[in-house]
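Here is a short note on the model you sent round. Please read it with the coordinates open.

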Amino acid sequence: MLKVLVVDDSLIIRKKVTKIIENLGHEVVYAAKNGVEAIESYNIKKPDLVTMDITMPDMDGITAVKKIIENDKDAKIIMVTSHGQEDMVIKSIQSGAMGYILKPISDDKLAQSIGEVFPKYAAYKEEDELSLIDDEL
């Protein structure tokens, strides 16, 4: 089970992401509403994973990623973004984020992103396994 920090300025998105993470069997250790809270809570809670919105008041997600990575080069951060923010996603990845999810967030998208960062939590569907077997035959 992963300890996850959820960061988004939208209460609705924080609640949705929290619910998805819990449905996937992980624990949300804190839900922050901006980059300042993200940094403070990261340093206290030491989560395994952070989901980070890009556009937020007080401190945006890119700045928060940079500051978290400065303090913990092994931090695992997945950006949560809307369509049309490709430049900001690239900056986030260059700052140390490991990937991104486009809104609207779904269980499958989040599960896939978590599996890419933490392969032991990758969720494979039976059809995928069957197609791999067929490919090998």
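The points below go from the whole chain to one helix.

1. Status. This is a predicted model. Every value here is computed from it, and the comments should be read in that light.

2. Fold layout. The chain has six helices and five strands. Their order along the sequence is β-α-β-α-β-α-β-α-β-α-α. The pattern thus closes on two helices in succession.

3. Burial and surface. Of the 137 residues, 44% are buried. The accessible surface of the chain is about 7,900 Å². Carbon and sulfur atoms account for 52% of that surface.

4. Contact range. Take the contacts between residues at least 6 apart in sequence: 61% of them join residues at least 24 apart.

5. Helix α4, buried side. This helix spans residues 86-95, and V89, S92 and S95 are buried in it. Why do the buried residues of α4 line one face? Viewed down the helix axis, they fall within an arc of 125°, so they share one face of α4. The general rule is that an α-helix has 3.6 residues a turn, so residues three or four places apart point the same way.

6. What covers α4. The cover over its buried residues includes helix α3 (61-71). Strands β4 (77-81) and β5 (99-102) are also among the covering elements.

7. Helix α4, outer side. Which exposed residues sit on the face turned away from the buried side of α4? That face carries D87 and Q94.

8. After the helix. G96 follows α4. Its phi is positive, near 130°.

Key
Residues are numbered from 1 along each chain as its sequence is written. This is a predicted model: local features need pLDDT of at least 70, side-chain atom pairs count only at pLDDT 80 or more; totals for chains, interfaces and linings use all residues. Side-chain values use heavy atoms; hydrogens and water are left out. Helices (H or I, at least four residues) and strands (E, at least two) are DSSP runs, numbered from the N terminus. Buried means under 20% relative accessible area, exposed over 50%, partly exposed in between (1.4 Å probe, protein chains only). Contact means heavy atoms within 4.5 Å. Accessible areas come from the Shrake-Rupley method with a 1.4 Å probe; for residues, only the protein chains shown count as cover. The arc is that of the directions from the helix axis to the C-beta atoms.
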